[in-house]
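The exercises below are meant to be worked with the sequence and the 3D structure open side by side. Each begins with a task and continues with a solution in steps.

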Amino acid sequence: MNTQSPLPAPGAPLQHYVSIAPFDLQSVEAMTPEQSKVFQASQLRLMWWKFRRHRLALISGIFLAALYFGILICEFLAPYNLHTRNMDYIYSPPQRVHLFHNGQFVGPFVYGREMKLDMDTLKRNYIDKQDDVQRIRFFCKGDSYRFWGLIEGDRHLVCPAENGQLFLAGTDRLGRDVLSRIIYGARISLTIGLVGIGFSFVLGIVIGGLAGYHGGIFDLVVQRIIEVLQSIPSIPLWLALAAIMPITWSPVLIYFGITVILGLIHWTGLARAVRSKLLALREEDYVLAAQLMGASSSRIIRRHLIPGFMSHLIATATISIPGMILGETALSFLGLGLRAPTTSWGILLTEARSVSVIAFYPWLLLPILPVILVILAFNFLGDGLRDAADPYK
Amino acid sequence: MLRYIAWRIAVMVPTLLIISALVFTIIELPPGDYFDSYVSELRAQGEAVDSDRIQMMRKEYGFDKPPVIRYFYWVGGMLHGDFGYSFEYELPVRDVVGDRMWLTVLVSFVTIIFTWLIAFPIGMYSATHQYSWGDYGLTFFGLLGLAIPNFMLALILMYFANIWFGTSIGHLMDQQYLGEPMSWAKAKSILAHLWIPVLIIGTGGTASMIRRLRANLLDELHKQYVVTARAKGLHPFKALVKYPLRMALNFFISDIGSILPAIISGAEITAIVLSLETTGPMLIRALQSQDMYLAGSFLMFLAFLTVIGVLISDLALALLDPRIRLQGGSTK
């Protein structure tokens, strides 16, 4: 027998004392309230703190939330109805809002307008009548509408003066108020692509994740499918899909159907990215550890691998929403997307499709402003979310 | 490695076959064929329709046969270089396409290079100077390029070019060179026109590339090996380029394959606005009038380029990151 064994003989009492009372870390090293607040905060709370630090992202988030709330009540926000035509004010430039008339404060107002036809060029010229003060009304009665097609109403946030006009963004070739049409157009432009993106996102993560993690035959097949789908440019697909949708469907429904199908097709980019990242990540030691502990592959992908590149997924998601909005404008421009009388920002921009319009009626380009703002906002929001996605950095 | 490349090239054949079937289906999907739209167009113009002639043409081009048989004719023809006949131009597809194919490749290639030249330095600067004014400013300009729809940018540039230079910036070359054989003057004219479409098409892609490079580089820069490298006295530039940048490039490489169809799709609308002599406007016109062999050849050509692109991206990915296994063998 080896008498030098460090272990005591069986049954003999231990040489040192071990307290069986639970050990409280705080008793040794107490944390200040601020410290404990940080260390005990949940992951979601940490994310929020980190997100809040990115000012631009926070502002963008609020801006987008306001816009999405705004499309719920655009009947109320818009000064005119979508299809209200003012035949006396065709191609009228935007009116300026004034506060002072002859040095006297009268509150926000616009001057009345008079149209003079230039007999040489047949161009309509509008002149402000300096004595015709038209005060803008707030929370007033104007065009009557059916709120969401259900409830009758005629209240508006702003209206023109009685028997007056208010075209803050000018009018188009039918004398319709551009500002009102931009507000109504937001409803379709902001919502139409969301479902398709949802589909492509789920498909991309699931299929790309499985292919990257399992490899083998499944990976091979998925790779070939992705190759096939990616090699077809989207515009021919749109043309073909638009042609086979049932004629009885409304333009919006057809467009919606196409975006859903495109969502089912466009998961490939994300799937490839997920796959290539997983191929590298799955060789990490912590994955081996999880496998040895008997975790299933879906658990390893979900719990250990996807959080590893969540930031990239979020960046992709936020950048694909503006992609859909831009896609809508481009397709409407080609006449493949939505069609009038449906109103979206893309449809409004088709009015400004020639150089002569830009030269004579530049205000018809105004719908580009909300497009740019929304796309910038989504991008900044995505940046903020990306930085917040991994709060332990 | 060589075995892998050979095997990948062998796999390309069935892939291309599947793509050809898919392309054919897409072109066949819309109801009716070219002759239907041709007849209705003639009727709309009030012209008499010679139905015997239409029937004869139908028969000649095999439109009386079921689509499956026509598909095999089409694929068989392409295998020995016969891309079919364009009904609208009444010429073989190869003659119609002419210059357009390589002009498209030229525009796309220059655009990709332009995008990379802009995006790489900006992305690296933004990642290393996170939250600085330079980062905000450069990112903002990149995003602005993304946010303005391409066709609007094209229109606005056209307008200002007209005012400032008094010239029209449309087209890819001066009109007298159209259909001319290649010459120095023609090449110079193309180069002089090329920058506008490249600028317009490129601005859209630059922003997303800057963002992705910045995002991936930031992920890498926070890792400990970068700190170690810096602590050991590696020059900051080397500590940036040698390891983190290489890691952040994974996404670029895996995107090579998909960039091409994306750029060509994006370029189609710009090409229409600027009336460029590329394949885009012709493809859309052919699809709308169901000039199917013309459209089909374009699509197959694109598909071929993409398949090659994917092959290159897979090989480059394996070269760049040794951790990636070529065969994608299953895990333990």
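Two strands are taken to pair if DSSP finds at least two bridges between them, and this definition is needed for the hairpins in the exercise that comes next. The model is a predicted one.

**Exercise 1. Describe the sheet of chain A: in which order do its strands lie, and which are the edge strands?**

Step 1. Three strands of chain A make an open sheet, in the order E1-E2-E3, with antiparallel pairing. The edges are strand E1 (98-101) and strand E3 (123-135) of chain A, each of which pairs on one side only. From one strand to the next the twist averages 55 degrees.

Step 2. Take the two pairings in turn. E1(A) is joined to E2(A) by 3 bridges, while 10 bridges join strand E2 (residues 104-118) of chain A to E3(A). In general, strands of a sheet pair through backbone hydrogen bonds, either parallel or antiparallel.

Step 3. Now place individual residues. His98(A) has Phe109(A) in E2(A) as its bridge partner, and Phe109(A) also stands opposite Arg135(A) in E3(A). Arg113(A), for its part, stands opposite Asp128(A) in E3(A).

Step 4. Finish with the connections. The hairpin of E1(A) and E2(A) has 2 residues between the strands, and in this hairpin Asn102(A) takes a positive phi near 50 degrees. In the hairpin of E2(A) and E3(A), with 4 residues between the strands, the positive phi is that of Leu122(A), near 55 degrees.

**Exercise 2. Check the lengths of H7(A) and H8(A) against the expected rise per residue, and list which residues of each helix are buried.**

Step 1. Helix H7 (residues 194-214) of chain A has 21 residues, so at 1.5 Å a residue it should span 30 Å; its end C-alpha atoms are 30 Å apart, which agrees.

Step 2. The calculation for H8(A) is done in the same manner: its 15 residues should span 21 Å, and because the end C-alpha atoms are 21 Å apart, the expectation is met.

Step 3. For burial, the cut-off is 20 or more other C-beta atoms within 10 Å of the residue's own. In H7(A) the buried residues include Gly196(A), Ile197(A), Ser200(A), Gly204(A), Ile207(A) and Tyr213(A). In H8(A) they include Asp219(A), Val222(A), Gln223(A), Ile226(A) and Glu227(A). An α-helix has 3.6 residues a turn, so residues three or four places apart point the same way.

Step 4. Look also at what comes after the helix: H7(A) is followed by Gly215(A), whose phi is positive, near 65 degrees.

**Exercise 3. Compare the annotated transmembrane regions with the helix content of the model: which percentages of helix are found over the spans?**

Step 1. For chain A, an unreviewed UniProt entry annotates "transmembrane region" at residues 56-78, 188-213, 253-274, 309-338 and 358-381. For chain B, the UniProt feature of that name, also from an unreviewed entry, is placed at residues 7-27, 101-124, 136-161, 190-210, 248-274 and 294-320.

Step 2. In chain A, residues 188-213 are 92% helix and 0% strand, with end C-alpha atoms 39 Å apart; residues 358-381 are 71% helix and 0% strand, with end C-alpha atoms 32 Å apart.

Step 3. In chain B, residues 7-27 are 100% helix, and their end C-alpha atoms lie 31 Å apart. Residues 294-320 of chain B are likewise 100% helix, with a distance of 39 Å between the end C-alpha atoms.

**Exercise 4. Characterise chain B as a whole, and then the side of chain A that touches chain B.**

Step 1. Chain B holds 14 helices and 2 strands, and its C-alpha trace spans about 85 × 65 × 40 Å along the principal axes. Of the 332 residues in chain B, 37% are buried.

Step 2. The contact between the chains takes 49 residues from chain A and 53 residues from chain B. Of the helices of chain A, H14(A) gives the most to the side that touches chain B, with 9 residues.

Step 3. By residue class, that side of chain A divides into 28 nonpolar, 13 polar and 8 charged residues.

Conventions
Residues numbered from 1 in each chain as written. Chains lettered and ligands numbered in written order. Predicted model: local features only at pLDDT ≥ 70, side-chain atom pairs only at ≥ 80, totals over all residues. Contact = placed C-beta atoms within 7 Å. Nonpolar A, V, L, I, M, F, W, Y, C, P; charged D, E, K, R; others polar. UniProt positions renumbered as here; feature names shortened; annotations may be inferred. Expected span 1.5 Å × (residues − 1). Buried ≥ 20, exposed ≤ 12 C-beta atoms within 10 Å, placed from the backbone. Axes fitted to C-alpha atoms, helices over the stretch in contact; angles between N-to-C directions.
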